[in-house]
Amino acid sequence: MVAGFCLLADTLTFYYDTAGTLPATRLWGLMAGLVLVDAALASAARLSGLVALAQAMLALIGALAVPDDGTLTDLIGAGTLIAAYRSGAWLHGRQAALALMYLAVGSIGAHMIAGPAPTDWRVLVLDAVKEALLAWLVGRYTTARGAHIAELEQRTARERERARHALADAIVEERSAIARDLARSPSPCATPPRRSPS
């Protein structure tokens with residue numbers, strides 16, 4: 001569902017902003033690329049790195065294909081954010097870092113290719129932070145928080161189980177103690193032995 005909404009939002013935004021400014025073959029070629037990379041957001045979690053790479057490649061291709069008229073951000077849209085989130089949430093270690101690098105390089109490269117170069121390198125870094133790093137960090141945080149909550153739930157379940165076993169052991173021990181006490185004490189109903197008359 002998320003992939004479908006990203007696909008719809010990205011393609012409609014790109015179409016309405018670039019229709020009439022691009023040759024038809026270029027427009028529909030980029031639209032097809034958007035459809036493919038956004039549809040890939042619905043793929044398996046293990047493919048998140050490839051999806052991030054595809055989003056970065058599309059951003060670079062779009063920067064080369066689209067004239068500098070403010071349409072670059074339409075190719076770095078919702079799909080890029082979700083790809084960054086997926087990479088942060090579902091990938092680990094080297095794969096997660098590589099996916100983030102793909103998206104950051106795609107963002108910085110696309111902004112460098114498109115139009116007049118920014119006068120300050122900090123603008124490029126801030127764009128990469130907005131378009132890749134923030135969503136990636138949210139994905140990392142969400143996964144870490146979910147794992148922490150699951151660990152707390154497991155710990156609570158283990159403590160309850162230990163308490164239940166301890167209570168059962170205490171009940172068995174108490175019953176055993178009562179049984180031992182009853183076995184040692186004389187029965188109140190027993191008749192005392194008769195004394196023989198002297």
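## Contacts and overall layout

Take the contacts in the protein chain between residues at least 6 apart in sequence: 74% of them join residues at least 24 apart. Keep in mind that you're looking at a predicted model. Along the sequence, the chain reads α-α-α-α-α-α-α, which comes to 7 helices and 0 strands.

How much of the chain is buried? Of its 198 residues, 30% are buried.

## Phe-14, tucked away in helix 1

Phe-14 sits in helix 1, which covers residues 2–18. Its relative accessibility is 0%, so Phe-14 counts as buried. For a feel of how the chain folds back, try Phe-14 and Ile-76: they are 62 residues apart in sequence, and their C-alpha atoms are 10.0 Å apart in space.

## A little cavity

Ile-76 turns up again here, as one of the residues lining the largest cavity. The rest of that lining is Gln-55, Ala-56, Ala-59, Thr-80, Leu-103, Gly-106 and Ser-107. Two elements give two or more residues each to this lining: helix 3 (48–65) and helix 6 (93–113).

The structure holds 1 cavity of 30 Å³ or more, and the volume of the largest is about 40 Å³. What kinds of residues line the largest cavity? There are 4 nonpolar, 4 polar and no charged ones.

## Asp-38, a buried charge

Now look at Asp-38, found in helix 2 (residues 24–39). Side chains of opposite charge can pair when their charged atoms come close. Asp-38, though, is buried and has no salt bridge. Where is the nearest side chain of opposite charge? That one belongs to Arg-86, 10 Å away.

So who does Asp-38 touch? Leaving aside neighbours within four places in sequence, Asp-38 is in contact with Ala-3, Cys-6, Leu-7, Asp-10, Gln-55 and Gly-79. You've met Gln-55 already, in the lining of the largest cavity.

## The salt bridges

How many salt bridges does the whole structure have? A search finds 2. One links Arg-164 with Glu-161, and the closest N and O atoms are 2.3 Å apart. Both of these residues lie in helix 7 (residues 121–184), 3 residues apart, or about one turn of the helix. Glu-161 has a relative accessible area of 32%, so it is partly exposed.

The other joins Glu-173 to Arg-180, with 3.7 Å between the closest N and O atoms. Are these two buried or exposed? Glu-173 has 47% relative accessibility, so it counts as partly exposed. Arg-180, at 41%, counts as partly exposed too.

Key: Residues numbered from 1 in each chain as written. Predicted model: local features only at pLDDT ≥ 70, side-chain atom pairs only at ≥ 80, totals over all residues. Heavy atoms only, no water. 1 Å grid on protein atoms, 1.4 Å probe; cavity = no way out; pocket = protein on both sides within 12 Å on 5 of 7 lines; lining within 4 Å. Points joined across faces, edges and corners; volume = space filled by probe spheres on them. Helix = DSSP H or I, 4+ residues; strand = E, 2+ residues; numbered from the N terminus. Nonpolar A, V, L, I, M, F, W, Y, C, P; charged D, E, K, R; others polar. Buried < 20%, exposed > 50% of the residue type's maximum accessible area, 1.4 Å probe, protein only. Lys, Arg positive; Asp, Glu negative; His and termini not counted. Salt bridge = Lys/Arg side-chain N within 4 Å of Asp/Glu carboxyl O. Contact = heavy atoms within 4.5 Å.
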